[in-house]
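Q: Please take a close look at one strand and its surroundings. Walk me through its pairing, its faces and what lies across it.

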Amino acid sequence: MASVTSLSHSVEQHLSSAISATLPEAAADPLLRRSDRADFQANGILALAKKAKANPRELATRVVANVVSGDVIKEIEVSGPGFLNVTVTDRAITENLAARYADADRLGVPTSPRPGTTVVDYAQPNVAKEMHVGHLRSAVIGDATVRMLEFTGESVVRRHHIGDWGTQFGMLIQYLDEHPHELDHKDSRVSGEEAMSNLDRLYKDARKLFDADEEFKTRARRRVVDLQAGEPHTLAIWQKFVDESKIYFFSVFEKLDMEIRDADIVGESGYNDMLAETCRLLEESGVAVRSEGALCVFFDDVKGPDGNPVPLIVQKSDGGYGYAATDLSAIRDRVFGLKADSLIYVVDARQSLHFKMVFETARRAGWLNDRVKAHQLAFGTVLGKDGKPFKTREGETVKLVDLLDEAVDRATAVVRDKAEKVGLSEREIEENGRYVGIGAVKYADLSTSAVRDYKFDLDQMVSLNGDTSVYLQYAYARIQSILRKAGEARPVAHPELELAPAERALGLHLDRFGETVTEAAAEYAPHKLAAYLYQLASHLTTFYDQCHVLSPDNAPEVVANRLFLVDLTARTLQRGMALLGIRTPERL
């Protein structure tokens, strides 16, 4: 099905034609926006008048005389110093929405005219370590960004750059070699909880021994050398840690209702074979230089507190490789191997300087350029209700699993509270509790601009009032309830009908869905889609209050048209929430 031209775009075209007819030499941008004085307001005449040295109100009046009104534009008037206030016809609103309704899969949302290949690097847990609330933001923001980009036609390659390499593994590998049954399983089915518990216990025991026993410490350090040299027995033990950690990772991502595929997990170790060549290429091209034995890249604008330059260290003086070597090798792989046009890194804002230096190094090396761009989708810190970084009472980082479990428990209590009225079974209560709880956590994150810090407040997240996913999920379920009660009546668009003010407001907002998705995907800004959906649910609430759908006083065509409006609203809510990775239960 072809995409649907939005009403704002149609109005824009009408005004552009009128401006061209009035001032043939002018580049005609009407600068159209939504307005509370009319359906749309065009502000572009002021800039045009300045260029043409004309009186703006007079120019606006001449433009209005050239506007073709009728099918789309109902009326247009000059306001203030030369603004144009535009009202569209009720018929145009209903016909436009009917075209979206007919496109069940995409609701008329266009695909990108020039799609490319984007690699999104997100959800980066560490092997043998518990996932915490910081990993939540990377996973949730990354997943929504992937979904939006794919929906607009982009070819997306997911990458989960897990921390699976480095000196800390020497200690763990040596300990497991000396205590070979520490990661054995009692039976073939092992839960993520059990896997993490095994890893946690082994890590603590290995650390205790490492700190207390000098001989063990020496053996552990030798093991790092063996690991980096690719000694087969050492690699086999390392692989056990990776496999055990993946059992845990997959269980957490399943809880988050998120698909993470094994093939997309390419950790630090995946770039080992490229590190030496990356260093050679940088040194030979003069991008990196030797300084006190280390291979470094210097920047004019990056200096320490003492005023001396702070370099990006690609290779340490002892020959070891830092994060920079791995990150630069990953860029080479993604640009030349995966043929990506865009690289998106969903990474904590506190790593911004590191990525700024890595991207600039890659640009100097010619791996990034005007055609191939890298962007850090930086995110802020998760705060507690007290406004401080989110920690347990003991001051430890909060485990992600505990947080998700508590969200589901709270949400299940909210669902159970209304379950009898709706007639939900125990299975539905538990399933909906899961969807509402996980949706609440995701939406609270996604409805905040990624770069801002946000407060993690479960009470607010699972509230039925305010800007929460539960409010949106209830709006969707409420519409499904109306559709079930409609009996013989069916949703059918009736363009001949006049629309009430609340119907027009809802219809005009529904028409903006395609533009919003396109903008949110292009800007990697899920919060813009979340804001749109909240406003949609708010328009729906006003519509309910002012326009009864199934009232016996309504003519059959009014009932059919209102059913059509709420059904399209439900479909838009469902599609929009799915793009954020949130489910919409049919009954709540």
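A: In this predicted model, L295 of strand β8 stands opposite Q315 in β9. Strand β8 covers residues 294–297, and β9 covers residues 312–315. The two strands run antiparallel and are joined by three bridges.

Now the other neighbour. Strand β7, residues 289–291, pairs with β8 over three bridges, again in the antiparallel sense. Two of its residues can be placed directly. V289 has C296 as its bridge partner in β8. S291 stands opposite A294. Two residues separate the strands in this hairpin of β7 and β8. There, E292 takes a positive phi near 50°.

Put together, the strands make an open sheet of three, in the order β7-β8-β9, with antiparallel pairing. β7 and β9 stand at the edges, and each has a single partner strand, so one side of each is left without a neighbour in the sheet. Neighbouring strands are turned by 50° against each other on average, with direction ignored.

Next, the faces of β8. In a regular strand the side chains alternate between the two faces of the sheet. In β8, A294 and C296 are on one side, while L295 and V297 are on the other. All four are buried, and both faces of the strand are covered. Here buried means under 20% relative accessible area.

The pairing can be read against those faces. A294, opposite S291, and C296, the partner of V289, share one side of β8. L295, opposite Q315, is on the other side, with V297.

What lies across the sheet? Helix α10, residues 275–284, lies across β7, β8 and β9. The helix runs at about 125° to β9.

For a second element, take helix α9, residues 232–255. Its 24 residues should span 34 Å at 1.5 Å a residue; the end C-alpha atoms are 35 Å apart, which agrees. At the N-terminal end, E231 acts as a cap. One of its side-chain oxygens lies 3.1 Å from the backbone nitrogen of H233. Just after the helix, D257 takes a positive phi of about 55°.

The buried residues of α9 include I237, W238, F241, V242, E244, S245 and K246. Y248, F249, V252 and F253 are also among them. An α-helix has 3.6 residues a turn, so residues three or four places apart point the same way. The buried residues of α9 pack against α5 (133–151), α6 (168–178), α7 (192–212), α8 (214–229) and α13 (400–422).

Key: Residues are numbered from 1 along each chain as its sequence is written. This is a predicted model: local features need pLDDT of at least 70, side-chain atom pairs count only at pLDDT 80 or more; totals for chains, interfaces and linings use all residues. Side-chain values use heavy atoms; hydrogens and water are left out. Buried means under 20% relative accessible area, exposed over 50%, partly exposed in between (1.4 Å probe, protein chains only). Two strands pair if DSSP finds at least two bridges between them. Axes are lines fitted to C-alpha atoms, for helices over the stretch in contact, and angles run from 0 to 180 degrees between N-to-C directions. Contact means heavy atoms within 4.5 Å. The expected span of a helix is 1.5 Å times one less than its number of residues. A polar contact is a pair of N or O atoms within 3.5 Å; within protein, one must be able to donate a hydrogen and the other to accept it, and residues adjacent in sequence count only if both atoms are side-chain atoms.
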